[in-house]
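Biologist: I'm new to this one, so could you pick one part, look at it closely, and then walk me outward from there into the rest?

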Amino acid sequence: MTGRELYAGLHLLDRQLIDRDGRLCGNVDDLELTSTPDGTVYVSAVISGPGALWYRLGRHRIGGWLRWRVAAAMGTEKPDPVRIPIGKVSEIASALTITVDQPDLASSAAERWVRDHIIGHIPGSRHDADQ
Amino acid sequence: MQISDVIGAAVVDVDGVALGEVADVRLVQDGPFVEGFGNTLRVDALVVGGGGIAERLGYVRGGVRGPWLLRVLASALEGRARIVPWSDVTPTDEGFTANRPRAELRLLRDEYGDTPAR
């Protein structure tokens, strides 16, 4: 057996995600598995964001709905912002470092929605906090 | 398929004897090459049964050491889990079937050895 050995539950699930600028951007909620024609099954993506944890906890219907709804609300051209392809993971240690910017991730979608639709409408909210 | 579809699934041996649920999945980084990551994490084996919460503490697999009393108890429970190679697993509607009898499946403690109590 060659290659580093990890356990999905012990070493990956629920670990912190850090974006390329060092910002905290969610947790590993699930892992996507893909099969090759020869039967090899491997981790092809990290799943993180609204709906993913519901799915993992067995609530597949609400998890799938939230995942679809967040993708629609983000208005992004990415087909599924909850999915982070494994090629975007640059390091696995006590946290996972990814080569993606935090604003492009579904895990920050709720925060962004509140900012744009609620906080942004409060008079005086459209300036920096230190001004 | 997602890893959450595997973890928690029921596993029986080739004779239909219940082995428990999948507690964890062992991954080995020798899977297909992906640009930006290297060799991907291949599903190598299922960790089945064992001691529930004790497996999440990592006393056997994670090399966690103290406190010694918790270490002794958790290691004993975690070590009872069985390793089922992915190549010996057949998915079913109820979970997974190991294509070997229970007695032929290695215990986790056999792979890592007993962690000596201090």
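Modeller: Let's start with a hairpin in chain B: three residues link strand β7 to strand β8 there. Before going on, keep in mind that what you have on screen is a predicted model.

The strands of this hairpin, β7 (residues 89-91) and β8 of chain B, run antiparallel and are joined by three bridges. If you want a pair to click on, try B:T90, which sits opposite B:T97 of β8(B). β8(B) also pairs with another strand: β1 (residues 10-12) of chain B and β8 (residues 95-98) of chain B go together over three bridges, in the parallel sense this time. In that pairing, B:V11 is the residue facing B:F96 of β8(B). So much for the hairpin.

Now zoom out to the whole of chain B. Its secondary structure adds up to three helices and nine strands. Going from the N terminus, you meet them in the order α-β-β-β-β-β-α-β-β-β-β-α. Chain B has 118 residues, and 40% of them count as buried. Take the contacts in chain B with a sequence separation of 6 or more: residues 24 or more positions apart account for 55% of these.

Let's stay in chain B and follow a single residue, B:V25. You'll find B:V25 in strand β2 of chain B. Is B:V25 buried or exposed? B:V25 counts as buried, because 26 C-beta neighbours lie inside 10 Å and 20 or more is what it takes. Setting aside residues up to four places away in sequence, the contacts of B:V25 within chain B are B:I3, B:V6, B:I7, B:V43 and B:L46. Over in chain A, B:V25 touches A:Y7 and A:A8. For a sense of distance, B:L107 is 82 residues from B:V25 in sequence, while the C-alpha atoms of the two are 14 Å apart. B:V25 also turns up in the largest nonpolar core, a set of 51 residues. The residues with the most contacts inside that core are A:A8, A:V46, B:V25, B:L46 and B:V48.

That takes us across to the other chain. In total, 27 residues of chain A are in contact with 28 residues of chain B. On chain A's side, the elements giving two or more residues are β1 (5-7), α1, β4 (30-35), β5 (41-47) and α2 (52-56). By type, the residues on that side split into 14 nonpolar, seven polar and six charged. Strands from the two chains pair up as well: β1(A) and β2 (residues 18-28) of chain B run antiparallel, with three bridges joining them. A:Y7 takes part here, with B:R26 as its bridge partner in β2(B).

What about chain A by itself? Four helices and eight strands are what you'll count there. Along the sequence they follow the pattern β-α-β-β-β-β-α-α-β-β-β-α. Chain A has 131 residues, of which 37% count as buried. Among contacts in chain A between residues at least 6 apart in sequence, the share joining residues at least 24 apart is 45%.

Four strands of chain A make an open sheet with mixed pairing, in the order β3-β2-β8-β7. The edges are β3 (24-27) and β7 (89-92) of chain A; each has a single partner strand, so one side of each has no neighbour in the sheet. From one strand to the next, the twist averages 25 degrees. The single partner that β7(A) has is β8 (residues 95-98) of chain A, and the two pair antiparallel over three bridges. Within this pairing, look for A:E91 opposite A:T97 of β8(A).

One last stop: A:D14, in the loop between α1 (8-12) and β2 (16-18) of chain A. Is A:D14 buried or exposed? A:D14 counts as exposed, because only 11 C-beta neighbours fall inside 10 Å and 12 or fewer is the cut-off for that. The backbone is worth a glance here too: the phi of A:D14 is near 70 degrees, a positive value in a residue that isn't glycine. For context, most residues other than glycine have a negative phi.

Terms used. Residues are numbered from 1 along each chain as its sequence is written. Chains are lettered from A and ligands numbered from 1 in the order in which they are written. This is a predicted model: local features need pLDDT of at least 70, side-chain atom pairs count only at pLDDT 80 or more; totals for chains, interfaces and linings use all residues. A nonpolar core is a set of buried Ala, Val, Leu, Ile, Met, Phe, Trp, Tyr and Cys residues joined through C-beta atoms within 7 Å. Two residues are in contact if their C-beta atoms, placed from the backbone, lie within 7 Å. Ala, Val, Leu, Ile, Met, Phe, Trp, Tyr, Cys and Pro count as nonpolar, Asp, Glu, Lys and Arg as charged, and the others, Gly among them, as polar. Two strands pair if DSSP finds at least two bridges between them. Axes are lines fitted to C-alpha atoms, for helices over the stretch in contact, and angles run from 0 to 180 degrees between N-to-C directions.
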